[in-house]
Amino acid sequence: GALPFLPLIYPVWTDKKLTLDVWTFGFLVVRMMFWSIWNASSTVLLATNRHRGVALTLLGEALLTGALAVILVPRLGIKGAALAALIADVAISGWLIPRLALQEIGDSVNGFLATMASAMAAIVIPVAVGLVGWRLLPSTFLRYGLVTPVSGLLGVAMMVWQLNASERRVLTDLYGMITTKKSSE
């Protein structure tokens, strides 16, 4: 959801000392995709008290990120830091934490990859629609007033579409509880 606003947020976040070029932005977005995979997988491990593997994996990733940053930042600036973090995610956490989680729950790699592909489609397709709309529409008003909400609604619709029957029932019940509470007030 923050993707369209990142060019506005980033300068404030970095006290206008860093600029967000296309490469840095790309590295951060791709890293976010890997982060979402391994972070969701780490929840399984942390919830079942399997902290050690997650902690050691993240320590290894931090060490690799730091080592790569020492090499890349002097050459590439902030872009090098983003690239170092992305490379470390791909090399360590992006595959190792999901593998540990799959071992814990006894799931197959193929089932995991199918689920991830489906979930990624619910992110990639709305983002792609948003990027195309952003590129085609020169008006800032239309970009934020039309492209952003349409992309967001498409993402929500795709996520709801992917829910199974019991998940939809929980969502429907939650919606019913909220609307009932509002109407009684």
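Helices are taken here as DSSP runs of at least four residues, numbered from the N terminus. With that convention in hand, the predicted model can be walked through from its overall build to its individual residues. In these terms, Asp-89 is found in helix 4, and this residue will return below as a member of a salt-bridge network.

The overall architecture is simple to describe. The protein has 7 helices and 0 strands, and reading along the sequence gives the pattern α-α-α-α-α-α-α. Its C-alpha atoms fill a box of roughly 60 × 50 × 35 Å along the principal axes. Of the 185 residues, 24% are buried. The accessible surface comes to about 12,200 Å², and carbon and sulfur atoms account for 72% of that area. Among contacts between residues at least 6 apart in sequence, 64% join residues that are at least 24 apart. As for charge, the protein carries 14 positive and 9 negative charges, whose mean positions are 7 Å apart.

Charged pairs come next. The count of salt bridges in the model is 4, and among them are two that share Arg-31. In one, Glu-61 pairs with Arg-31, with the closest N and O atoms 3.6 Å apart. Glu-61 lies in helix 3 (residues 51-76) and Arg-31 in helix 2 (residues 22-47), so this pair ties together parts of the chain that are 30 residues apart in sequence. In the other, Arg-31 pairs with Asp-89, and here the closest N and O atoms are 3.3 Å apart. Because Arg-31 belongs to helix 2 and Asp-89 to helix 4 (residues 78-105), this second pair ties together parts that are 58 residues apart in sequence. Arg-31, Glu-61 and Asp-89 are thus linked in a network of salt bridges.

The three members of the network can also be placed by their exposure. Glu-61 has a relative accessible area of 5% and is therefore buried, the cut-off for that class being under 20%. Asp-89, at 0%, is buried as well. Arg-31 counts as partly exposed, with 26% relative accessibility. The surroundings of Asp-89 add some detail to this picture: leaving out residues up to four places away in sequence, Asp-89 touches Arg-31, Phe-34, Trp-35, Trp-38, Glu-61 and Gly-94. Both salt-bridge partners named in the network, Arg-31 and Glu-61, thus appear in that list of contacts.

Another salt bridge is found towards the start of the chain, where Asp-15 pairs with Lys-17 and the closest N and O atoms are 3.0 Å apart. Asp-15 is exposed, as its relative accessibility is 53%, and Lys-17 is also exposed, at 64%. Asp-15 sits in the loop between helix 1 (6-13) and helix 2. Its backbone deserves a look too, for Asp-15 has a positive phi of about 55 degrees although it is not a glycine. Lys-16 shows a positive phi as well, of about 60 degrees, and again is not a glycine. Lys-16 is placed in the loop between helix 1 and helix 2, and with 70% relative accessibility it counts as exposed.

The surface also carries a nonpolar patch. Ile-125, Val-129, Phe-141, Leu-142, Leu-146 and Val-150 form this patch, which together offers about 540 Å² of accessible area. Helix 5 (109-136) and helix 6 (140-162) are the elements that give two or more residues to the patch. Helix 6 provides the largest share, with 4 residues. One of the patch members, Leu-142, lies in helix 6 and is partly exposed, having a relative accessible area of 34%.

A further leucine is found just beyond that helix. Leu-163 lies in the loop between helix 6 and helix 7 (165-184). With a relative accessible area of 24%, Leu-163 is partly exposed. Setting aside its neighbours within four places in sequence, Leu-163 is in contact with Arg-168 and Leu-171.

Conventions:
Residues numbered from 1 in each chain as written. Predicted model: local features only at pLDDT ≥ 70, side-chain atom pairs only at ≥ 80, totals over all residues. Heavy atoms only, no water. Salt bridge = Lys/Arg side-chain N within 4 Å of Asp/Glu carboxyl O. Buried < 20%, exposed > 50% of the residue type's maximum accessible area, 1.4 Å probe, protein only. Patch = residues over 30% accessible without salt bridge, like charges linked within 9 Å, V, L, I, M, F, W, Y side chains within 5 Å. Areas by Shrake-Rupley, 256 points an atom, 1.4 Å probe, with all protein chains shown as cover. Contact = heavy atoms within 4.5 Å. Lys, Arg positive; Asp, Glu negative; His and termini not counted. Charge placed at Lys NZ, Arg CZ, Asp CG, Glu CD.
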